[in-house]
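Grab your viewer and work through these exercises at your own pace. Each one sets a task and then walks through a solution.

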Amino acid sequence: MSQPTPMPPLWRCTLAVVCLAAILILSPWPGPQAVFHAFLVLAVASGFESPLPAMLWAAAGGWALEASLRSYPHMGGTALANMAICLLVQSLMKHRPPDHKSSYWGQLAAFCLGHTLLTHLMVRIAAGPHAWGCGWLWSLLTVPLWGTLSLRLRLPQRRR
Amino acid sequence: MRPRPWGWNPTGRRRYAILAIWLGHIGWVILGHGHPGRWESVLGTLSWPARKLSALFQQGRASRSGQVNNLKQAQYELTLTRQRLESLQMQNAQQAPRLQEADEAIRLLGLKKHVPLEMKAARVIVNVRTAPFGGMVIDQGQDAGLVKDQGVFCPEGVVGRIWEVSTHQASLLPLDAYNASTAVMLAQSRATGVLQGVGPGRAEIRYVGGQELVQVGEPVYTSGLDRVFPRGLLVGYVVSSHQEGPELRIDVALAAPLSRIHQVLILPPQPRIELPHPAAPPSPGKVKP
């Protein structure tokens, strides 16, 4: 029986570009924009085999989000948080791939909350006090949607 | 041989790149505070498509909202117009009888000016002419000086005569009643006869000689011989005639719409047979300045 092959890097890059474009275009609607941002960081970028492209795409997502929001006096906090959480997700998924869809959703929800807290911490360090908004709630509530999609993209190997 | 993780090989260079990116970000976040004006301009240029798209979307929403508001306002105005139309129609229906009565009063006034007699106007308050033992009742009686057998007519023609008089009201005997008799004459042959009612809106002339020439459509006037009506009031028109023994029986359609009369004029008792001609209007040349 042949092993399922992971998603080719070119396709994954294309998907990341689409997510970046969506983040830029959806800037007037912060809720859907936050969903695409979380999908890019937690599902697409963390799925790369190498940590360098994963970190670069996560950082690009953070810069794109802050650039489109234009509400922070100094940027870079979101990109730093994205890189950290992306490496964490990549490491965890490499060592403990998910067994079931529900457990994967739970992991993604926990990462989503952690991502939110870390992002706002970094933004506070970089730019000072700021508004939180409801983007994190959009991301959390749509975990079953983009989590299922990312599970299909990730093609997890069975635990031996 | 296993490559060294921090040597100048692909693995090491990747690690150096990751470390540089990390340090660069941390340094930028902590130490990179500066004047944001240039960044603001760059970001403004980058976010132009998104702002344009958002502006188009908001414009579309505003336009749609405006159209909905216009539609609601138009529907509200249409509802108001319908209510006003219904109100006007109801008001018109309420005033229709008064308008009809006013028209009849105007025509009566004109007729009164053309007939040189002292006449009284009265209003028909009951008109059950076609019912058994029915008739017409007017709102004038003995208090207005009315007596029996006074002639009654309207602008269209003769109506009948007063049959009974009470204090405040009087009943009429219309021309089409079976017991009504009126002295009439034909317009062209000048033959005289007696008009008797035969049914609703119809009457016949009796006692006209068989040698008289009668044409269908010929007007029938009062002859004045019964001393109830003066000579020359229109009664009706000849519908048909047939020979019956030595005399002619002439069917007449009455001119007065007896079922739709609301106001009548009452002639004085026993008027003259011939009416004097009304005074001619003064000519402009005889008027003194």
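**Warm-up: the two chains**

Chain B holds 3 helices and 12 strands, where helices (H or I, at least four residues) and strands (E, at least two) are DSSP runs numbered from the N terminus. This is a predicted model, so local features need pLDDT of at least 70 and side-chain atom pairs count only at pLDDT 80 or more, while totals for chains, interfaces and linings use all residues. Residues are numbered from 1 along each chain as its sequence is written, with chains lettered from A and ligands numbered from 1 in the order in which they are written.

**Exercise 1.** Work out what chain A is built from and what percentage of each chain is buried.

*Solution.* Start with the elements: chain A has 7 helices and 0 strands. Next, take burial, which calls for 20 or more other C-beta atoms within 10 Å of a residue's own; 12 or fewer makes it exposed, anything in between partly exposed, and C-beta atoms are placed from the backbone. On that count, 40% of the 160 residues of chain A are buried. For chain B, it's 25% of 289 residues.

**Exercise 2.** Describe the side of chain B that touches chain A.

*Solution.* First, count: 19 residues of chain B are in contact with 22 residues of chain A, contact meaning that C-beta atoms, placed from the backbone, lie within 7 Å. Second, find the elements giving two or more residues: they are α1 (10–31), α2 (37–46) and α3 (48–114) of chain B. α1(B) gives the most, with 9 residues. Third, sort by class: 13 nonpolar, 5 polar and 1 charged. Here Ala, Val, Leu, Ile, Met, Phe, Trp, Tyr, Cys and Pro count as nonpolar, Asp, Glu, Lys and Arg as charged, and the others, Gly among them, as polar.

**Exercise 3.** Trace α3(B): what is its span, and where does it bend?

*Solution.* Begin with the span. The 67 residues of α3(B) reach 92 Å from first C-alpha to last, close to the 99 Å expected at 1.5 Å a residue; the expected span is 1.5 Å times one less than the number of residues. Now the bend: about 40° at Gln95(B), with Pro97(B) following within four residues. That angle is taken between axes fitted to the seven residues ending at a position and the seven starting there. Finally, burial: just 2 of the 67 residues of α3(B) are buried, so the helix lies largely in the open.

**Exercise 4.** Put the barrel of chain B together, strand by strand.

*Solution.* Pairing needs at least two DSSP bridges between two strands.

- Take β9 (residues 219–222) and β10 (residues 234–244) of chain B: 3 bridges join them, antiparallel. Val220(B) has Gly236(B) as its bridge partner in β10(B).
- Move on to β11 (residues 247–254) of chain B, joined to β10(B) by 8 antiparallel bridges. Ser240(B) partners Asp251(B) in β11(B). The two strands form a hairpin with 2 residues between them, and Gly245(B) in the turn has a positive phi of about 70°.
- Then add β8 (residues 202–209) of chain B, which pairs with β11(B) in the antiparallel sense over 6 bridges. Glu204(B) stands opposite Asp251(B).
- Close the ring: 6 strands of chain B form a barrel in the order β6-β7-β8-β11-β10-β9, with antiparallel pairing.

**Exercise 5.** Is Met7(A) buried, exposed or partly exposed?

*Solution.* Locate Met7(A) in the segment before α1 (9–25) of chain A. Counting 15 C-beta neighbours inside 10 Å, Met7(A) is partly exposed. To finish, check Arg152(A): its C-alpha is 9.4 Å from that of Met7(A), though the two are 145 residues apart along the chain.

Key
Contact = placed C-beta atoms within 7 Å.
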